[in-house]
Amino acid sequence: MTERQLLVGPFNRVEGDLEIKLDIRDGQVAAAHVNSPLFRGFEMMLQGKDPRDALTLTPRICGICSVSQSAAAALALADAAGTQMPEQGALAAAILHGVENLADHVTHFNLFFMPDFARPAYAGRAWHDQAVARFTALDGSAARQTAEARSQLFHIAGLLGGKWPHTLAIQPGGVTRTPDARMRIRIRATLRGFRRYLEETLFGTELESFLPLATPDALEAWDTGDAALFLRIARDLGLHQSGIGPRRYLSYGAYPVAGTRAMAAGVWEGGSVTPFNPADIVEDLSHAWMLGEDAHPQSGQTVPDEDMRDPGYSWCKAPRLGGRIAEVGALARQIVDGHPLARALADEGSVRARIVGRLLEIARTQVLLEQWADALDPSARFMTPSETIKTGTGVGLVEAARGSLGHWLRVEGGRIAGYQIIAPTTWNFSPRDRDGNPGPLEAALVGAVAGPEEDTPLSVQHIVRSFDPCMVCTVH
Amino acid sequence: MNLLWLQSAGCGGCTMSLLCAEDPNVFDLLKDAGINVLWHPSVSIETGAEVRRLLERIESGEIPLDLLCIEGSIVTGPKGTGRYHMLAGTGRPMLDWVRKLAPLARDVLAVGTCAAYGGVTSAGGNPAGAVGLAYDGKLAGGALDSGFRAKSGRPVINIAGCPTHPDWVTETLLLLADDRLETADLDPLGRPRFYADHLVHHACPKNEYYEYKASARELSELGCMMEHLGCVGTQAHGDCNIRPWNGSGSCTRGGYPCINCTAPEFEEPRHPFTETPTIAGIPVGLPSDMPKAWFMALASLSKAATPKRIEANAHSDRIEVPPGAGKGQK
């Protein structure tokens with residue numbers, strides 16, 4: 001038996017800073033400890049501020065999920081005030097949010113995840129030349145195309161939301177800019193351009209033919225675009241058997257439009273979906289450098305342990321649902337919402353499944369955005385002025401690209417008395433809890449191959465990046 | 001020309017914004033200018049041990065460092081240790097890395113207001129002890145001494161903004177690569193003058209409302225946001241309305257106020273961001289280079305002269321009265 005320890009970091013092509021400690025036994029990961037090494041303290045900053053300031057400050061938690069943070073804050077404030085956005089305001093907010101999520105997914109695939117397959121370590125594989133041409137970091141054809149397509153997609157954010165990231169356009173009462181007929185037509189034109197990019201690169205054909213795929217066999221038969229290249233690589237490297245998650249999936253439900261959520265909320269486990277109850281969440285602090293008691297986020301606190309004492313090993317708290325871990329993200333969302341292919345991959349819970357979940361969601365989000373843009377009614381009201389909140393509590397639950405994001409707000413005397421945030425990667429990259437149960441990534445890394453020559457094992461990199469972590473959101 | 005980019009305590013939004021660069025895309029822009037990206041945390045291939053080896057070779061002087069870009073503030077807490085941000089895998093605080101690497105670089109660039117002055121990471125009592133590279137808020141001296149000069153002799157170049165416009169970053173880099181950016185091209189707060197010599201007010205589409213002090217009272221109304229909604233575009237440095245964001249946007253075009261995000265301490269305005277503090281109904285913050293009495297006199301005159309069209313549109317979320325309707329009427 002051979003044993004060694006590896007410290008992996010700085011871990012790049014993830015958003016923010018990440019460090020992973022690996023115990024390797026006989027060429028496999030035996031245990032992983034995931035550390036979010038940056039603490040900023042947004043929840044502390046918000047104490048005592050005017051509740052509306054959360055709309056300016058919380059988007060700045062994260063430059064890649066900025067609109068998600070903004071949407072969660074707006075919903076929390078609206079919830080506290082007992083108000084709702086007018087229907088068209090919610091639609092415009094969903095367009096801004098959908099644009100960000102869509103951009104994040106293609107950024108992840110093209111700039112964060114796929115470049116690893118262009119590494120010299122894979123030279124000689126039948127697909128390697130193609131991966132090098134398409135996905136070489138900074139230089140591959142996909143990097144350029146994606147940067148350009150993404151920039152153009154964000155023209156919608158410029159038009160409707162002033163800028164991206166860090167827009168203040170989404171408010172509890174709706175959106176600050178009322179789209180007129182020419183803006184609506186311009187948004188639709190931009191979306192048609194983005195569809196062309198997706199169909200020419202990622203899917204290699206019209207995305208309506210990818211959406212109905214319902215079984216792993218049908219998926220395996222997919223033979224066009226970068227999606228096919230990924231599937232070929234996944235087959236060759238066994239990515240359908242690596243990075244197995246908890247196979248318990250959570251979604252808060254995405255995009256509140258027309259009085260419902262465009263993608264359903266729920267918890268999937270063992271083949272069935274049960275309702276999601278926010279009251280079942282507890283943040284466990286046992287292995288975080290945090291002081292205080294485990295708590296539901298409505299009553300939780302953020303008090304960092306300045307001495308960074310053991311057994312803490314991360315600034316990340318460990319959220320648990322009904323005492324257990326859950327995986328969040330595009331795959332979870334599509335499983336909970338009931339997409340047949342996602343459901344068929346739920347038990348697989350692998351690197352491949354996560355990437356396919358994202359591909360499905362790219363196609364679905366593009367179609368949703370087209371429908372929403374079409375449904376914009378320039379004659380409608382997009383904003384109703386909202387009340388200033390003096391006292392009360394509110395919850396804002398949304399789905400960011402990377403999964404479930406919640407803001408829990410408490411207002412007393414017109415000031416923020418409590419503000420707790422649980423971000424998607426807080427769920428996925430949480431440390432161990434009081435019972436010693438590892439977080440979803442920690443568990444998924446066990447069994448990953450670590451060759452004797454490897455100091456930053458490639459299999460570990462694929463697994464970590466398959467979650468598309470956002471570390472700046474994680475601890476905030 | 002070698003560029004190293006490190007992300008410290010920030011949101012990563014300046015990188016995400018940089019990826020929105022157009023004409024051409026960011027990768028071609030840098031490559032065509034002869035800028036070789038040694039490492040960038042979002043887009044480079046190297047991870048883990050590969051990065052640590054690269055950093056060692058830069059630190060030892062084996063690889064020359066021309067452009068050191070730091071994004072995010074530098075946290076000094078807890079208790080001055082900087083351990084609120086250890087650069088993963090290295091066992092060393094980012095504070096230490098920045099202090100070691102900055103003197104080796106030809107030029108040091110603080111990308112974003114966090115890296116420049118502390119920014120949002122230093123809001124609300126500054127729990128992590130965040131400072132900028134060369135400033136702590138408005139005070140000179142941050143993670144680096146106030147007298148710090150890079151090898152070029154230039155101070156830290158503060159590409160302030162929250163986030164930064166992609167062009168502010170790429171054009172600064174391109175000017176440096178072309179050796180066309182001198183200390184004199186920076187304003188007193190270290191910001192490149194090519195964007196900081198403009199005010200957000202310039203070319204703001206709400207200027208006609210401003211001229212008549214026809215003010216929006218609620219967000220989404222078309223009127224000027226200075227009087228009630230916290231807009232400080234008349235004082236904020238930036239060419240946001242001259243050079244739009246993401247195609248055609250800006251904060252004021254999006255219908256929400258400019259919060260002066262290129263300035264030190266913008267994160268603590270001492271009033272809600274979207275509310276203008278007033279004394280006896282008069283906004284506290286007025287254009288800084290105009291005598292207050294003059295401003296007030298002109299404002300009351302122009303308010304009295306406000307055409308119906310402008311008055312009506314100022315309080316609407318869309319143009320109710322087009323120009324030319326009811327000519328000559330008051």
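**A tour of chain B**

Begin by selecting helix H6 (residues 166-177) of chain B, which in this predicted model lies across S3, strand S7 (105-111) and S11 of chain B, and runs at about 155 degrees to S11(B).

Next, select the strands beneath your attention so far together with their partners: five strands of chain B form an open sheet with parallel pairing, and their order is S2-S1-S3-S7-S11. Strand S2 (36-39) and strand S11 (157-159) of chain B stand at the edges, and because each has a single partner strand, one side of each is left without a neighbour in the sheet. From one strand to the next, the twist averages 25 degrees.

Within this sheet, zoom in on S1(B) and S3(B), which run parallel and are joined by five bridges; to find one pairing by residue, pick Leu6(B), whose bridge partner in S3(B) is Ile70(B).

Now move to helix H4 (residues 94-101) of chain B and display its buried residues, namely Met94(B), Leu95(B), Trp97(B) and Val98(B). These residues cover an arc of only 165 degrees around the axis, which means that they sit on the same side of H4(B). To see what covers the buried residues of H4(B), add the surrounding strands of chain B, including strand S1 (2-7), strand S3 (65-71), strand S4 (74-75), strand S5 (86-87) and strand S6 (92-93).

Finish with residues 198-273 of chain B, where an unreviewed UniProt entry places the feature "domain: Cytochrome-c3 hydrogenase C-terminal". The end C-alpha atoms of this span lie 22 Å apart, and the span is 8% helix and 0% strand.

Technical notes. Residues are numbered from 1 along each chain as its sequence is written. Chains are lettered from A and ligands numbered from 1 in the order in which they are written. This is a predicted model: local features need pLDDT of at least 70, side-chain atom pairs count only at pLDDT 80 or more; totals for chains, interfaces and linings use all residues. UniProt positions are given in the numbering used here, feature names are shortened, and annotations may be inferred rather than shown by experiment. Helices (H or I, at least four residues) and strands (E, at least two) are DSSP runs, numbered from the N terminus. A residue is buried if 20 or more other C-beta atoms lie within 10 Å of its own, exposed if 12 or fewer, and partly exposed in between; C-beta atoms are placed from the backbone. The arc is that of the directions from the helix axis to the C-beta atoms. Two residues are in contact if their C-beta atoms, placed from the backbone, lie within 7 Å. Two strands pair if DSSP finds at least two bridges between them. Axes are lines fitted to C-alpha atoms, for helices over the stretch in contact, and angles run from 0 to 180 degrees between N-to-C directions.
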